[in-house]
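Thanks for coming, everyone. Let me put the structure up, and then we can walk around it together.

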Amino acid sequence: MAQSASPLVGIIMGSTSDWETMHHAADLLAELGVAHETKVVSAHRTPQRLYDYATGAAERGLQVVIAGAGGAAHLPGMAAAMTHLPVLGVPVESKTMKGLDSLYSIVQMPAGIPVGTLAIGKAGAKNAALLAAAILALSDAALSARLQSWRAAQTDGVAIDPE
Ligand code: RP5
């Protein structure tokens, strides 16, 4: 399932350059059969687009927002400030600081406006998708079964011998 007419998860990112990281979240949601959409929404370059996206997200039927950004990564926090939906933040690895700047920008939210912050880079993007799926699975038994199957397959795929 790729982008859907009725997406439940909105994946936003600060730049097209973030797609290299954020496509891992989209790919995994597709694998799990979770309807989602992907958009470039920059806190700094397109603030009005961010305002419109975040304030309209719940009304459009989204249930979880995944926001990835790098550097001065204000996108997840600002999105969280403008929607009551759960927001999962993915720090994109930056060239100059290896994503530590992104991580610190996203993780250190003031009390009252939470962002569920994941790991830097690909692992964070994949885990954001798995967390979004787990949230949706609380009220979707079929998705819960698919998620459990995915995890079981992952477990089965781990070799016991190192070589
Ligand atoms: C951030 O600045 C984006 O999220 C991206 O990670 C970073 C660099 O953006 P580009 O200059 O590649 O567009 O806003």
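Let's start with Ser 15. If we leave aside its neighbours within four places in sequence, Ser 15 is in contact with Val 40 and Ser 42. Keep in mind as we go that this is a predicted model.

Where does Ser 15 sit? It is in the loop between β1, residues 9-13, and α1, residues 19-31. And is Ser 15 buried, exposed or partly exposed? It has 18 other C-beta atoms within 10 Å, so it is partly exposed; the cut-off for buried is 20 or more.

Now look at Asp 18, which is also in the loop between β1 and α1. Asp 18 has 25 other C-beta atoms within 10 Å, so this one is buried. Again leaving aside neighbours within four places in sequence, its contacts are Met 13, Gly 68, Ala 69, Gly 70 and Val 92.

Why pick those two? In the UniProt record, an unreviewed entry, the feature "binding site" is placed at Ser 15, Asp 18 and Arg 45. These residues span 31 positions in sequence, yet no two of their C-alpha atoms are more than 14.3 Å apart, so they gather at one spot.

Let me zoom out to the whole chain. There are six helices and five strands, and reading along the sequence you get β-α-β-α-β-α-β-α-β-α-α. How compact is the chain for its length? The radius of gyration is 16 Å, and the globule rule gives 15 Å for 163 residues, so the chain is as compact as a globular protein of that length. Along its principal axes, the C-alpha trace spans about 45 × 40 × 30 Å. Buried residues account for 39% of the 163. As for contacts between residues at least 6 apart in sequence, 70% of them join residues at least 24 apart.

Next, the sheet. Five strands form an open sheet, with parallel pairing, in the order β2-β1-β3-β4-β5. Which strands stand at the edges? They are β2, residues 36-40, and β5, residues 116-117; each has a single partner strand, so one side of each is left without a neighbour in the sheet. Take the β5 end: two bridges join it to β4, residues 87-92, and the two strands run parallel. One residue pair to find on screen is Leu 88, whose bridge partner in β5 is Gly 116.

Packed on that sheet is α1, which touches β1, β2, β3 (residues 64-70) and β4. The direction of α1 makes about 170 degrees with that of β1.

Two more stops. In helix α2, residues 47-56, you will find Arg 49. With 15 C-beta neighbours inside 10 Å, Arg 49 counts as partly exposed. Its C-alpha atom is separated by 15 Å from that of Ala 69, which is 20 residues away along the chain. Ala 69, you may recall, is one of the contacts of Asp 18.

Finally, helix α6, residues 141-156. How many of its 16 residues are buried? The count is zero, so to speak a helix that is hardly covered. What about its length? At 1.5 Å a residue, 16 residues should span 22 Å, and the end C-alpha atoms of α6 are 22 Å apart, which agrees.

That's my tour. Happy to turn the model around for anyone who wants another look.

Terms used: Residues numbered from 1 in each chain as written. Predicted model: local features only at pLDDT ≥ 70, side-chain atom pairs only at ≥ 80, totals over all residues. UniProt positions renumbered as here; feature names shortened; annotations may be inferred. Helix = DSSP H or I, 4+ residues; strand = E, 2+ residues; numbered from the N terminus. Buried ≥ 20, exposed ≤ 12 C-beta atoms within 10 Å, placed from the backbone. Contact = placed C-beta atoms within 7 Å. Rg over C-alpha atoms; globule rule 2.2 N^0.38 Å. Pairing = 2+ DSSP bridges. Axes fitted to C-alpha atoms, helices over the stretch in contact; angles between N-to-C directions. Expected span 1.5 Å × (residues − 1).
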